[in-house]
Amino acid sequence: MKTALILLAALPALGQQNFDFSTLEKLGAHAKESTNISLEGETLKAAASLANLSKDSPVLQGLKAIQVRSYEFDKPGQYNPADLDAVRAYVKSLKWTKIIDVKEESETTEIYLQVAQANQTGGLAIISTEPQEVTVIFISGTINLNDLSKLTGNLGIPDMTVTHGAKKLAPAKKD
Amino acid sequence: MKGVPMKLEDELRAALRREPAPADFAAGVLRKTRPAPLFSPVTWAVAAAIAVGAIIPSAYQSWQHERTLEARDQLVLALSITKAQLDHTKAMLQNKRQRQ
């Protein structure tokens, strides 16, 4: 009985163990373009302070870690969608709220949030799949989504021209 | 009178006869003619320690600055990708709504 109780108590802790995002890099084995970003702790703080982001913008003040894995392929079918199951299971284990699950033709986007306060999140996860593109973003710490959208063109962040079914990076506009 | 110069000659010959140099003669000459080292090994060791002590912190600082610059660029790229994904999702939702 005692063993069962101890096991039950340990389950949430096991669920919240850190996820090794480098395991997602197998998704990009056949990618023509890859982006792997892992920033946390002192490196993230130093990066933010160097860009004066934390002083001038509240967007990054509460950030703890950012993980981005994004891969673009020459043709469809060059990655195994099952490789995303582990990260989905991890986000579910954190009990974050799935706020968006949109499927359109062959595209899917899932957005999970950990709601901290009004208009602020304690974490954000995005899992996006397209036939020739797959992106996983995991941000832990407080982030204000409204502030994030205001970053366009500032601090060297390029304006993203969004057209249906295609995301293109355009140079930052200069006023 | 004739015997005296002969004796002198013999003595001179004996005194000036060729003798092989001692075994360590060449090494001794080289040792004595070599210029004295400018600095002692201890001086060199202290100078090297000072140079290393000055170079390493500066090299480390420079490496750390490079790493931070790299991290800043990665941070900006990560935020750009996040924003693009959010905008793309917004566009997908709008398209879906328009079709309904």
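Q: Why is A:Glu110 called buried rather than exposed?
A: This is a predicted model, and in it A:Glu110 has a relative accessible area of 5%. Buried means under 20%, so A:Glu110 counts as buried.

Q: What makes the contact of A:Lys98 with A:Glu110 a salt bridge?
A: The side chains meet at 3.9 Å, N to O. The criterion is a side-chain nitrogen of Lys or Arg within 4 Å of a carboxyl oxygen of Asp or Glu, so the pair qualifies.

Q: Why can A:Lys98 and A:Glu110 be said to tie together parts of chain A?
A: A:Lys98 lies in strand S3 and A:Glu110 in strand S4 of chain A, so the bridge joins parts that are 12 residues apart in sequence.

Q: Which salt bridge does A:Lys98 form with A:Asp101, and how do you know that the pair counts?
A: Their side chains meet at 3.0 Å, N to O. With the limit set at within 4 Å, this pair counts too.

Q: Why are A:Lys98 and A:Asp101 called partly exposed?
A: A:Lys98 has 37% relative accessibility, and A:Asp101 has 38%. Buried means under 20% and exposed over 50%, with partly exposed in between, so both residues take the middle label.

Q: What makes these bridges part of a network?
A: Salt bridges that share partners join A:Asp85, A:Arg88, A:Lys98, A:Asp101, A:Lys103 and A:Glu110 into one network. Over all chains, the structure has 13 salt bridges.

Q: What makes B:Glu9 and B:Arg13 a salt bridge, and why are they about one helical turn apart?
A: Their closest N and O atoms are 3.1 Å apart, which satisfies the within 4 Å condition. The two residues are four places apart in helix H1 of chain B, so about one helical turn separates them.

Q: Why do B:Glu9 and B:Arg13 carry the labels partly exposed and exposed?
A: B:Glu9 has a relative accessible area of 39%, while B:Arg13 has 52%. Exposed means over 50%, so B:Arg13 is exposed, and B:Glu9 falls in the partly exposed range.

Q: Why is the ring pair of A:Phe19 and A:Phe21 called edge-to-face?
A: The structure holds eight aromatic pairs over all chains. In this one, the ring centres are 4.9 Å apart and the planes stand at 85 degrees. Centres within 6.5 Å make a pair and planes over 60 degrees apart make it edge-to-face, so the label fits.

Q: What makes the pair of A:Phe19 and A:Tyr90 stacked?
A: The centres are 5.3 Å apart, with 25 degrees between the planes. Stacked calls for planes under 30 degrees apart, so this pair is stacked. A:Phe19 sits in the loop between helix H1 and strand S1 of chain A, A:Tyr90 in helix H4, 71 residues apart.

Q: How do you know that A:Phe19, A:Phe21 and A:Tyr90 are buried?
A: Relative accessibility is 17% for A:Phe19, 6% for A:Phe21 and 10% for A:Tyr90. Each value is under 20%, so each residue is buried. Ring pairs also link these residues with A:Trp96 and A:Phe138 into a cluster.

Q: What makes B:Leu8, B:Leu12 and B:Leu16 a nonpolar patch?
A: The three leucines form a patch on the surface, with about 330 Å² of accessible area together. Patch members need over 30% relative accessible area; B:Leu16 has 68%, so B:Leu16 clears that bar and also counts as exposed. B:Leu16 is found in the loop between helix H1 and helix H2 of chain B.

Q: Which residues touch the most other members of the largest nonpolar core, and what does chain B give?
A: They are A:Ile66, A:Val68, A:Ile139 and B:Leu75, out of 23 residues. Helix H3 of chain B gives the largest share, six residues. Apart from this core lies another of 20 residues, among them A:Leu24, A:Phe73, A:Leu94 and A:Val134.

Q: Why is A:Ser140 called buried, and what does A:Ser140 touch?
A: A:Ser140 has 17% relative accessibility, under the 20% limit, so A:Ser140 is buried. A:Ser140 lies in strand S6 of chain A, and its contacts include A:Leu63, A:Ala65 and A:Gly122.

Conventions:
Residues numbered from 1 in each chain as written. Chains lettered and ligands numbered in written order. Predicted model: local features only at pLDDT ≥ 70, side-chain atom pairs only at ≥ 80, totals over all residues. Heavy atoms only, no water. Phe/Tyr/Trp six-rings, centres within 6.5 Å; stacked < 30°, edge-to-face > 60°. Buried < 20%, exposed > 50% of the residue type's maximum accessible area, 1.4 Å probe, protein only. Patch = residues over 30% accessible without salt bridge, like charges linked within 9 Å, V, L, I, M, F, W, Y side chains within 5 Å. Areas by Shrake-Rupley, 256 points an atom, 1.4 Å probe, with all protein chains shown as cover. Contact = heavy atoms within 4.5 Å. Core = buried A, V, L, I, M, F, W, Y, C linked by side-chain atoms within 4.5 Å.
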